[in-house]
Structure formats: structure tokens, C-alpha cells
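Let's take a friendly walk through a protein model together. Have the sequence and the 3D view ready, and follow along residue by residue.

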Amino acid sequence: MASITDLLKATLDSNPNTRITAELKLSEYLTLPEAGLSLSSLVVAQDAEMPLRQSASIVLRKYVTERWSPFFQTFKGSAPPVETKNQIRQAVFHGLSDPERQIRTLCAHTLSSIASSDWPDEYPDLLSSLIGLLSSGSTDSVHGAMQVFTEFIKSDLTEDQILPVLRDLLPVLLSILGAPEVHSPLTRARTVSVFRQCVAALYMVKGQHPQAVKEAIASILPVWLEAFKVLLSTDPQADIANAQNWDALAVRIQIFKALDVIHTSFPRALTPYLNTYLSISLSHLQSLYSPFSQYYLSTNESAPRSSENEAIELPQLVCPIFDFVAAVTRGGKSKGWFENQNLLSLIVSTFNFLQMTTDDEETWANNPNDFVAQEEDQTQPYSVRVAGFDLLACLIDQTRAHTVAALQSSVHEIINASKQTREAGRSDWWKPLEAGLAAIGSQADAVQEYIEDEQDVGRAKPIDIELLLSDVVPSVLGLSEFPFLQGRGFVFASQYAELLPVQMAGQYIEAAIHVIETGDAGAPVKLSAVRAVHNFFQNGDASTLAPFAPRIAKDLGPFLLVTSEETLSLVLETLSVVVGVDKGSWISPDIADSLVLATLEVWTKNNKDPIFISNVDNILTALASSSANGIYQTVVKQALPNLCQAMSGASLNESWITSSAIELVSSLVTGASEGNLGEGFVAVLAPSLFKCLAEAEDRDVLQNGISCLTLIIRKDCGQLISWSDSGRSGIDCVLSVIAKSLENQDESGGLVIGDLIIHLLRRAGESVLPVLPQLLQAMVTRMTTAKTATFLQSLVIPFAFLINNQRDTVLDLLESMNVQGRSGLDILIQTWCENAETFQGFWPARISTMGLCQLFVSERPSLQNLKVKGDIIVKPETQNVIMTRSRAKLSPPEFTSIPFPVKALKLLLHDVQSGGESATISAGQGESFNEVDSDDGDEEWADEDKVNPNDEFEYLSELIGPKGMAFDNDDVLDEDDDEDLKQDPISTMDMQAHLLSFFQECAARNANNFSVVIDQMSAEEILVVRRVVGSQTQ
């Protein structure tokens, strides 16, 4: 041990040379077999110096992760023998009971690492030994063991181990929690933390052991919930009366976190206690506000640290309380509790804790990015304010009328109180008012919706927002000495812009612009003004906003060059909505020129950031879409050469530059009107674009390039057709891109290649005709190896389009095509039938349906004799059983083999049953839905009310409909379909009427031996066909 002691002392030496030399020698020493044992012996040597023991413990943990077992990713070899490991484990375990807290903690971390590798196979008695320590009565031993359990339950217990362990562990934990005179608050808090992890673990295994978990919960939870109730019944202020530390708060923090987990996992068990715990939560908030104000709102007085030198702050308790109450509110089981004075008291308390702390003031004043982030829904760091806003949202959602009335009462109380404290000379008078406006502003959408609903039925407005906008907010806009309140006024007004009269909205916008233009205004109020402009312009009236737009665009342009991160995002997002107002009719060439240069500079500096790229994309699209004369040409002239140069100049290792440059070129194309890309657009772009696509292997470059080509073909295909370079036409180059994509084994591009092929066929069919056979052959060949549904769709849908337009020509070609001994028709039909029900998009699904109709009525012998995959074969052992992935692997599904005409009618009949009003056509109207028994044990745990299965399916059909949309509303087309496809006759036709007519005509003339084909369908399908065929005469 002497040598290791000397080495460790040397690593603590103040001389850097001595320290570095010792660290190198120590690394060599750790390779020796005796290293671990020497270190563990030193860790528990109570006569050694404390710094030396701590150093030895830290090095021992490093030794474990690097030399103990290949289990660790950092393992470097030289694992100790089994006997040595046993001795080290014993020494470290002994350290859990050491009189020194730091040694116990360090040993707990080391033992947790060892346990992750060795337990249970090589260290089977670990759990029983730890539980023995907990039962020993020694406060030191309990403290050490609890720290191991905190990590252990979280990560190491398997499904089968959890239940037996908890039976032994939880009673011991409860006895420790209930002995405050013996164990420290932090140790007792750890018992609750471990209990919470146990509850989460039980929830994870309830599917595998439903009855055992149900029994465990019934016996365990009531005891703990009663204990929690007793512990929380005391005033929390008693826990912070000790100025030395706030350790006792840790117990309450963990209890509220545990309650939240119980409510999420086993809500029924908590239901009888909900009202009690809601009242306890409210009393805690009321009691804690005074010390919260003292330590966090009014002074810079710091809260004391814990006895283990960890931060225990009041927000750490307030946040779990808010979270728990919000969860209970969402659950809807305690509505009665909220329907009296409790709700108003809860909202008053919530408003109190939403006030800006002194730390908030300092941070947000000095860091504009942090200030912007806390206002963004997507980037808000978790805090008391965020948790409070979430609670208010839950309250409005569940008890709208009562909550809005309480908001009205609370904010007027705040206004009056703020006026009095300001007159009394309090410097923080503005904080409650800012918090109140922030709170009501955070719920603007829900509040405005409620106001509209009440007015629609002739009732009075439930909250007078207009009074705030006319009498309160204007008075704070000039308070430059209180910038956060001043800024909040701007943001609040913009959140309720819909309620503002036109003249008043203009006055608010004018005031916001004035702040932006004022040189001495601070960052918080300027950024608040920018956010207000964003909100006003996002949903405002174009005629009101357009006069302000040129001035704002000029003001914000320079901000692009001096801001970064969240602040830059806010400026970009604001510019994006400003530029799009009134279709950009107000944009001048000078404004367009300066904005293009500034946005491209932003892109150059941030071309790896997808959020910035998206914002720049939106701005360029809005600029290029401007209805003002000559602006599109100005934007293209300034942007296109720069983007092409970036494409050409980027190396293959800088694919993100190429990818994003192509994406921005697409934004220019998107802004162009059809047939008007502008003279020379393709001539400037094509050389760079096709060179990049020929050389690139990067997925994003290829996908963005294909999407860009698709847009160009849609907008100005003639220009692409007429362009050529070194004897190769633009169409030749496009076909080369398609060929490369078909050869590529990476199918992540999915639908984009299919879109390109479809639009190429629709827009440039004559130009493609000479090479169409080779293109179709390549597509059919690729079908034999394609794996993903989206890629297969890209290969099949172009055939559906061609068959719908030139059926016999395409079928002749497919019949003559030979791919690996199979006809092209066989490959296409098999692929089509297996994937037809997964096709995404409105137009693709419809063109597939139309193509199947054409194939059926073609009556080709080659199709009549073709066998395809039919219905799944239900085996006795899998009947009424939910098939998980693991079960499907053990018993893969089998399918019948049926003639293609039968399959085609099955698919078309499915569309009839799913489509619009005829979704009511079914084989057995009024028949009950056969429920499938689940084997996951969830029946006993479902906390929701029972739902009529027919109602549930009706609701689902309204939400999603077949192919991802409700067919009873043909005006609502899939977002994935572009404008060309939305205006295509296939998209606008009455598909339901077409299908009904198709079935009726086939039946009338017995097309393709219709009656015989129908006889091969299921009894239910035959009934549906009869109803469809007979529906005309009904």
C-alpha cells in the first residue's frame, strides 16, 4: 500500500510537474493485479488522511470502469481474478458504513458501478446485504445503502426480480422514512426517491405480471399514501426555519414527485386521496409564498445549501406541486374540488409564483438569448413559470368557465394591489402585474376561444380583456425604467390582437416600432417589441399591417447581422411573417436586395442549423412570391448566383452546404409563378445542380436535389427541356438522376423520387417517350429488391398513372418485359397488391384506385391467371390474440393465394366501404363488434370510462379516414400533395360515385366474369357488393 499511497499523495502535489509524473505512473500502476485491492484497502483505512482516502476512492471507480470487466465500454483489459474482485467488493461494501459521509457517498457510487456489471450472476448476495444495512439501525449504514439503491432500482432490476425485491425492501424503506429522530432528512428523502422508482418499475412490469402487480399495489400504496399525508400535514415553513440548511424540504420534494408518478401509473389507487392532496398542495403554495418572496423576489439573499452541499431550493418544491396538481386536473377525477373557493385560491397562488425572480432579472437583462428562449414554447427551460403556465392551461381545459372567472378576479386584484404598492414606493411593485399579464397572455388562444363561444350563444364576455388593452396596458408601455413590464405590455397586446380595434392595433404597432428604433432601449424591451410585431403580423389584417411593413423590414434587416441563436431566430421568424403580409405587394427592389443579402449572410454563418435554414427558406420564399412588379427577378438575380457558387464551391465533405443551398434554390422556385422561372434560371442553375447530384452520395443532397428538380418541372418544364449542356439535354440529366436513385440501396428518400417521376410523366411525357421502356424496366427491376413502403409507392404509382392513361400500351410493354425469369407484369401486380393499402397521400391513393379499375376491366388473360397474396390465414393458436413483434417472429403470418381480379375487387370494395357516406355500408349493420381479448393485462388497469366500440370507430374514422384523411370531405386534401395534384381531375372527381358506378356497370355486363369473381370473396364482402350493386335502385 505504501507505493499507492505515495503516488496518490504526489497527484495532489501543488507542483504541476510532480503531479503529471505521478498521474502517468498511476496509470501504469492500475494495470497491476494488486492495484484494485490496494486502492480499496486505502479507501476504508480510517487512520489514513481524508484527502488521500477520497483520492483513492475516485481512482478506484476509474479502475472499475477501465479494468474490472468487458461489460464497461471503457474497459482496457487486465481484469482482476475472481478472488480479488470478491475482496474489493467486500471492502467497498464496508465503506458504505464508514463514519465519514464523503467516503460513504464515494463508495456508493463505486459499488453501483460494480453492481451494474456483476449483479446478480457474480454478486448474488448484494441485495440482501444492502437490505441488511438498511435494517441495521446504523444511520451511517442506512445513508450509504440508500445512495446505492437510488441508482440500483433505476437501472439494474429486471422484470422477474422487481417483485421479490420490493417485498423485502419497501417495508424497510418505510420504517426509515418514519424515523425522523434517527435518520437525516436527506436519507429519508432518498427512501421516497427509491419508492418512486419502485412504483415506476411496477408499472413497467404490470403487463407481464398483472395479478401480482395488482396485489402489490393494493397492499403497498395505501400505506405509503397515508404516510405521505401525515408527513405533508405539517407546515412547510417549519422546514425552512433552520437557517443553516433546508434539508427537510427534500422529503416534501420527493413526495410530490412520487405522487405524480403514482397518479400517472396507478391513478385508481390515488383517487380516494386526491381531494386531500389537492388541499395539501394549495396550503403548501400559500405557506411557501412568503419565504419565496423573501429569498427570490425581493432581495439577493441566497438560500442555504444542504448539509451535503447540494442545492435545495424552493422552486424544486413548487415545480413538483404544480406538476402534480396539473396532472390531477388533466385526469378530471376531482372536478368538485375546483368548483369552489379552492380554484380562485389556487390561481392567486399560481400568479404569485409566476413573478420574475431577481435571478431572472439579472440573467435576462444580460443574456438576450435566455430572455427570448423563456418566451418560446419549444425552447423554454423548465422553471416555476413554465410549470405554472402548464397548470393554468390544464385548468382552462378542464374547468373553463370557473378558471376564466378566477383569472378575471385575480388580475383585477393584482392591478389594484400594484397601484397601491407603487404609490407606497415599493421598487418591485411591477412584478405581480407583469406576472398577471404573462399568465393571461400565455392562455390567449383558449381565452379568446371561450370569449367567442360565449358571444356566439348571446352571453356576455366572461373576461374583459379589452379593458386591460385600453386602460392598463397603454399605461405601462412608456415605463422605460421597468423594461420587463414595458415589454410584457407589448407582448400581451399582440397576444390578444384579434380583440383590438383597427385603430388601437395600429397605435400598438407604432409604439413597438418606436421602441425598436430607439437607440437607448434595452434588449428585453426591444426583443419584446420584436415579438409583439411578430404576433401582430402573424394573424393580423393585411390592410392594417401593410403600411407598417416597409418600415419594420428596414428596421429588422440590420438586426440579422448583429444577433445570434434564439435572438436571431426571433428576428428571422418576425421578418418571415412581415415579408409575407399582403403578398409582399409593398416590397421595393431596395428592400428585397438588402434582405436577400442579409439573409444569405445569416445562412452562410449558420448553414448547419436546420432551424435557421428553415427561417431563411421562409423569407426567400416570401420574397420570391411577392406580387410587386420585378421583385421576383431582383431576388433571383441576387440569390441564385450566390447559391450556385456555394453549391459548386463546397467539397463532398461539406455536404450540408450543398444540401441547404439546393433547399434555398427550391424556395426561389416555389415563389415563382407557373411558367415564369425567369429567362436563364435553368441555365444558371443546371450545371451546378446536376454536377452536385452526379457526384453526391449524401442523402440530404440527393433528396433536396430531386425535390428541386420536381419543382422546376412543375413550374417551368419547358425551360428544362430546352436547356442542354455538352450534347446532353435537361431531360437526359434528369433521367440520370432517376437512374442513380433507383440504383441507390438507401431508400430513405422514399416518396421524393416517385414525385419526380410522376411530374416528369405528366409534364414532359412526349420528351420521355423514347426512353420510357428503359425507365419502366429499371423501375420494375428495382421493385424486386425494394424494402420500404414509401420507396415501393414511388415505384408503383407512376405505373398506376400510366395505366390509367395508356393502359394497353403499358400492359403490352410489361408483358414483354423479363426480369430474373419473371414478367414485368407479375412483379408490378404482386408489389402493387401487397402495398396498395399503405399508399400515402390523397392523389396517389386515388390514382392507385383508378389504375386497379382499369386493370380489372381490361380482361387480360395474363391478369386473370395471375395469383397474388390474399387474406391472412387465422390459426387457432393466434385467434383473438394481439400479435406482438416477438409473437409474429415465432409464428409468422400466412396468407391465402387468390387470383388478381379477386384481389383487385377486394381492394376497391375496401375503398367503397371507407369512402364518405357509404362508410355506413357493411355486411351486418347493427352487428356488434367482436372484441379481441388482450393478453397484456391492461383490462384491470384501464382508468378511462368504457367506450362503445362503434362510437370509437366512428370517431377514429372522422379523425383519420382511409389513406390518412376523411373521405367525407374531399375538399381537404393531403398536405403531402402539391398544388398540381390537388387541381388534377383525379383529386377533384367524386370517387365514391365513380366506384359505385364501376361496381354496378361490372355487374350489369358481367365484366371480367364479375359474378364468378364475386363468388370467391368472403361472405361479408359478397353482402357488401350486393348492397353496392343494388344501391342505385334503392
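## A tour of loops, patches and cysteines

Glu498 sits in the loop between α25 (483-495) and α26 (502-517). Helices (H or I, at least four residues) and strands (E, at least two) are DSSP runs, numbered from the N terminus. This is a predicted model, in which local features need pLDDT of at least 70 and side-chain atom pairs count only at pLDDT 80 or more, while totals for chains, interfaces and linings use all residues. Residues are numbered from 1 along each chain as its sequence is written, and side-chain values use heavy atoms, leaving out hydrogens and water.

Is Glu498 buried or exposed? With a relative accessible area of 53%, Glu498 is exposed. Here, buried means under 20% relative accessible area, exposed over 50%, and partly exposed in between (1.4 Å probe, protein chains only).

**Surface patches**

Glu498 joins Asp445, Glu449, Glu452 and Asp456 in a negative surface patch. Patches are made of residues with over 30% relative accessible area and no salt bridge, with like charges joined within 9 Å and nonpolar side chains (Val, Leu, Ile, Met, Phe, Trp, Tyr) within 5 Å. A salt bridge is a side-chain nitrogen of Lys or Arg within 4 Å of a carboxyl oxygen of Asp or Glu.

A nonpolar patch of about 270 Å² is made by Ile872, Val874 and Phe895. Val874 lies in the loop between β5 (867-872) and α44 (885-890), and is exposed at 54% relative accessible area.

**Backbone details in loops**

The peptide bond from Trp119 to Pro120 is cis, with omega near 0°. Pro120 belongs to the loop between α6 (101-118) and α7 (126-134). The table shows residues with a positive phi that are not glycine.

| Residue | Phi | Loop between | Relative accessible area |
|---|---|---|---|
| Lys583 | near 55° | α30 (565-579) and α31 (589-605) | 66%, exposed |
| Asn1006 | about 50° | α49 (991-1005) and α50 (1010-1015) | 32%, partly exposed |

**Cysteines**

How many disulfides does the structure hold? The answer is 0. Cys733 is in no disulfide, and the nearest cysteine sulfur, that of Cys692, is 13 Å away. A disulfide is a covalent bond between the sulfur atoms of two cysteines; in this model, a pair of cysteine sulfur atoms within 2.5 Å counts as one. Cys733 is buried, with a relative accessible area of 8%.

Cys853 has its closest cysteine sulfur in Cys1002, at 7.7 Å, which is too far for a bond. Cys853 is buried too, at 6% relative accessibility.

Notes
Accessible areas come from the Shrake-Rupley method with a 1.4 Å probe; for residues, only the protein chains shown count as cover. Lys and Arg count as positive and Asp and Glu as negative; His and the chain ends are not counted. The place of a charge is taken as NZ of Lys, CZ of Arg, CG of Asp or CD of Glu.
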